[in-house]
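Visitor: I should be grateful for a close look at one part of this protein, namely a pair of helices that meet. Please then place that pair in the setting of the chain as a whole.

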Amino acid sequence: LLQSCGSARASEPHFFAPDPIGQNFVVVDGDTIQVCLLPSDESLRRGRLTERDFEEVAAELGVEVAAIKAVTEIEAGPSHNGEGKPIINFDLSVYRTRAAKRKINLKKYAKSHSVIFNRPNTARYGSQQAAQQARLDAAMKIDSISAIEGTFWGMFQIGGFNYQRCGTKSHADFVHRMSRSERDQLELFARFIRNAGLLPALQKKDWRTFARGYNGPRYAARAYHTRLAKRDRKSVV
């Protein structure tokens, strides 16, 4: 992307002329102007989430930064990593449900794709995430849609079946954005809670209502709402 750092008469540039110290210039109708080479959107979205990322999205939502961080740390822990291969949780129960809706008979894959139906084998794959990734990879070979929908993605652990609520146009777009950067995951979370009607609860820090909508009917048994409240208080202090 090019952005002019000077002025010139409107015309097509004739050629670039880099100067001896490496700065770029373009000559337009005899006028020489300095050109700034701006990084692409892809490159801007590399790296870990910064405090500014949290502040910008929190301001857009009208919530406190601490509220978003509480969800992040309860879902993915303080050492989360969201680039390249995002944190995933392949949920066999959800996967079975999504596969059934697509008329896929999983019984015939019980032996050939046994990794899917067994517990994550951390001894074999080296880590919980690698073991979960192996299950997802095997499920993708059977049917990518049910595999994506049967997995919870990213720092905010959003189910792939919610790809539309995240504002993505397809399952592939959802996975691409989840895999591209932590900032993307934060923005998908923001869209999700808006479209799921959970924003008012997050704004008011009504953790019980938020937990019920975000974590499901068994949220209380998991103490999800109390853990969110505790983490939120810790961030504020």
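Guide: The account below begins with the whole chain, turns to the helix pair, and then visits several other sites.

The model is a predicted one. The protein holds 13 helices and 7 strands. Of its 237 residues, 44% are buried. Among contacts with a separation of 6 or more, 58% join residues 24 or more positions apart.

The pair requested is α2 and α10. Helix α10 covers residues 182–195, and its axis comes within 11 Å of the axis of α2, with a crossing angle of roughly 15°. Angles under 35 degrees count as roughly parallel, and therefore α2 is described as roughly parallel to α10. The crossing in which α2 passes α10 is right-handed. On the α2 side, the contact is made by Asp 53, Phe 54, Glu 56, Val 57, Glu 60 and Leu 61. On the α10 side, the contributors are Arg 183, Leu 186, Ala 190, Ile 193 and Arg 194. By class, the residues of this contact comprise 6 nonpolar and 5 charged, with no polar residue.

One of these residues, Glu 60, merits separate attention. Glu 60 belongs to helix α2, which spans residues 51–61. Its relative accessibility is 54%, and because exposed means over 50%, Glu 60 counts as exposed. Glu 60 is thus an exposed residue that also takes part in the contact of α2 with α10. Its C-alpha lies 8.8 Å from that of Ala 190, although 130 residues separate the two in sequence. Ala 190 is itself among the α10 residues that make the contact.

A buried residue may be set beside this exposed one. Gln 132 is placed in helix α7, residues 128–142. With a relative accessible area of 4%, Gln 132 is buried. Neighbours within four places in sequence aside, Gln 132 is in contact with Ile 88, Asn 89, Phe 90 and Pro 120.

Two further helices show how burial is distributed along an element. Helix α9, residues 171–180, is mostly covered, with 7 of its 10 residues buried. The buried residues of α9 are His 171, Asp 173, Phe 174, Val 175, Met 178, Ser 179 and Arg 180. In helix α12, residues 207–215, the buried residues are Trp 207, Phe 210, Ala 211 and Tyr 214. Viewed down the axis of α12, these buried residues fall within an arc of 100°, so they line one face of the helix.

The backbone outside the helices offers a last group of sites. Most residues other than glycine have a negative phi. Lys 103, which is not a glycine, nevertheless has a positive phi of about 60°. Lys 103 sits in the loop between α4 (92–101) and α5 (114–117). Its relative accessible area is 75%, and Lys 103 is therefore classed as exposed. Lys 205 is likewise not a glycine and has a positive phi of about 55°. Lys 205 occupies the loop between α11 (199–204) and α12. At the other end of α12, the helix is followed by Gly 216, which has a positive phi near 100°.

To return to the part requested, α2 and α10 are roughly parallel, and their contact draws on nonpolar and charged residues.

How values were computed: Residues numbered from 1 in each chain as written. Predicted model: local features only at pLDDT ≥ 70, side-chain atom pairs only at ≥ 80, totals over all residues. Heavy atoms only, no water. Helix = DSSP H or I, 4+ residues; strand = E, 2+ residues; numbered from the N terminus. Buried < 20%, exposed > 50% of the residue type's maximum accessible area, 1.4 Å probe, protein only. Axes fitted to C-alpha atoms, helices over the stretch in contact; angles between N-to-C directions. Parallel < 35°, antiparallel > 145°, perpendicular 65-115°, else oblique. Left-handed = near helix turned anticlockwise from the far one by under 90°. Contact = heavy atoms within 4.5 Å. Nonpolar A, V, L, I, M, F, W, Y, C, P; charged D, E, K, R; others polar. Arc of directions from axis to C-beta.
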